[in-house]
Protein chains: 2
Amino acid sequence: MKNLLYLKDEQIKDCIQLLLYAYRETFSDPLEILKKNSLGAAHYRALHLVERNEGININELLIKLKITKQSLNRVLKELKRLKLIKQLKDKNDTRRKLLYLDQNGKKFYQEVFESQKKRIFNALKHSDSDSVIKFKEVLKKIINGKK
Amino acid sequence: MKNLLYLKDEQIKDCIQLLLYAYRETFSDPLEILKKNSLGAAHYRALHLVERNEGININELLIKLKITKQSLNRVLKELKRLKLIKQLKDKNDTRRKLLYLDQNGKKFYQEVFESQKKRIFNALKHSDSDSVIKFKEVLKKIINGKK
DNA sequence: TAAAATATGTCAACATATCTGACCAAAATA
DNA sequence: TATTTTGGTCAGATATGTTGACATATTTTA
């Protein structure tokens, strides 16, 4: 049995705290721009997922966001009102509604993303390629978790 | 100029998404136990910081949490009521109140931490020492951010 | 084809955790 | 003594989530 220092409780607590701070800072950066448009973090999370998964339907989005459809609906209603996203019927199953960024959406998303990007960009720029790969690997293991 | 693949927008978006998911999963694990005691994530964040900084005062805690004193006050009131934390006056400056875990607090904190620890522990266990070091380095750069 | 399942939308009520702004008191410091 | 610092409190607002109930259109299944 190796003496795995980095598995000691204090080290784990360190990781948890770093994760909390990194998340908080990363997601507080874009709040200002969002607020100007009377939107919040929840709208951005949905917008981000639509941007990265153009044509996603409501159900898939719900699963990724892990919120109820009532909560999501409120968010989507406002995003549609502001012409940031649009819905098109799935031709193979017209019950399903597929989500896309609308005209304003692409521009707005890019603006919000830029505000958030700076922090990550600088962090990665000052890290080497290997560090970034390992950083993402550990994050993925945390996400998939539970042994 | 090197061709830094990992600085492309798509890679940055990947990182942001991983960070969001890792945070969400890590902090959703302990919610069940907290809820049994009618506490939430906010109480745990405060409890965690008191555990890691025994004798911290209110102002320092406010700065670490980045919330208003009104919000913190409500959280601390409940933690004190449940005998999870206690306040002692600073003898050098009796305006200041220093926070410590109370009897119940140590036991309760450990229980909640264990529920959260599993996920991180497994992720780190399946990573090598170098990966963990680099993982933490990148997180720190993200936190200190802004060039 | 009739019944069941699926995908989405909506209403209402409520819970939680945050915020702002105003104001107060005790203690330390200039 | 006047000002600043530290902490507490009240009241109201906002953002985001929850449950539960119900409606509609469409697809799938028996």
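Which residues come nearest to DNA strand D? The points below take up this question, then strand C, then the pairing of the chains.

1. Basis. This is a predicted model, in which local features need pLDDT of at least 70 and side-chain atom pairs count only at pLDDT 80 or more, while totals for chains, interfaces and linings use all residues. Residues are numbered from 1 along each chain as its sequence is written, chains are lettered from A and ligands numbered from 1 in the order in which they are written, and side-chain values use heavy atoms, with hydrogens and water left out.

2. Surroundings of strand D. A:T68, A:S71, A:R74, B:K69 and B:R95 come nearest, out of 27 residues around DNA strand D. A residue counts as near if one of its heavy atoms lies within 4 Å of the strand. Of the atoms of DNA strand D within 4 Å of the protein, 60% are sugar and phosphate. The surface residues near this strand comprise four nonpolar, eleven polar and twelve charged (nonpolar: Ala, Val, Leu, Ile, Met, Phe, Trp, Tyr, Cys and Pro; charged: Asp, Glu, Lys and Arg; polar: the others, Gly among them).

3. Elements and contacts at strand D. At least two residues each come from α3 (41-52), α5 and β3 of chain A and from α4, α5 and β3 of chain B; helices (H or I, at least four residues) and strands (E, at least two) are DSSP runs, numbered from the N terminus. The largest share, five residues, is that of α5(B). A polar side-chain atom of A:R95 is 3.2 Å from a base oxygen of DNA strand D. Phosphate oxygens of this strand lie 2.9 Å from a polar backbone atom of B:N59 and 3.4 Å from a side-chain N or O atom of B:Q87.

4. Strand C. DNA strand C is surrounded by 26 residues, the closest being A:K69, A:R95, B:R45, B:Q70 and B:R74. Sugar or phosphate makes up 61% of the strand's atoms within 4 Å of the protein, and bases the rest. Here α5(A) gives the largest share of the surface, five residues. B:Q70 places a polar side-chain atom 2.7 Å from a base oxygen of DNA strand C. Two backbone approaches to phosphate oxygens of this strand are those of A:K97, at 3.3 Å, and B:T68, at 2.9 Å.

5. Chain pairing. Contact (heavy atoms within 4.5 Å) joins 63 residues of chain B to 63 residues of chain A. The buried area is about 6800 Å², with 67% from carbon and sulfur atoms; this is the accessible area (1.4 Å probe) that two parts lose on being put together, summed over both. Across the interface there are 14 salt bridges (a side-chain nitrogen of Lys or Arg within 4 Å of a carboxyl oxygen of Asp or Glu). One of them links A:K117 and B:D9, at 2.7 Å from N to O. On the side of chain B that touches chain A, α1(B) has the largest share, 19 residues.

6. Symmetry. Chain B superposes on chain A by a rotation of 180° with 0.0 Å of shift along its axis, at RMSD 0.1 Å; the fit is by least squares on the C-alpha atoms of residues with pLDDT of at least 70 in both. The two copies are thus related as by a two-fold rotation axis. B:F135 is the residue of chain B closest to that axis, at 2.1 Å (C-alpha). The copies meet through the same surface, because 100% of the interface residues of chain B are also interface residues in chain A.

Methods. Polar contact = N/O pair within 3.5 Å; in protein donor to acceptor, adjacent residues only side chain to side chain.
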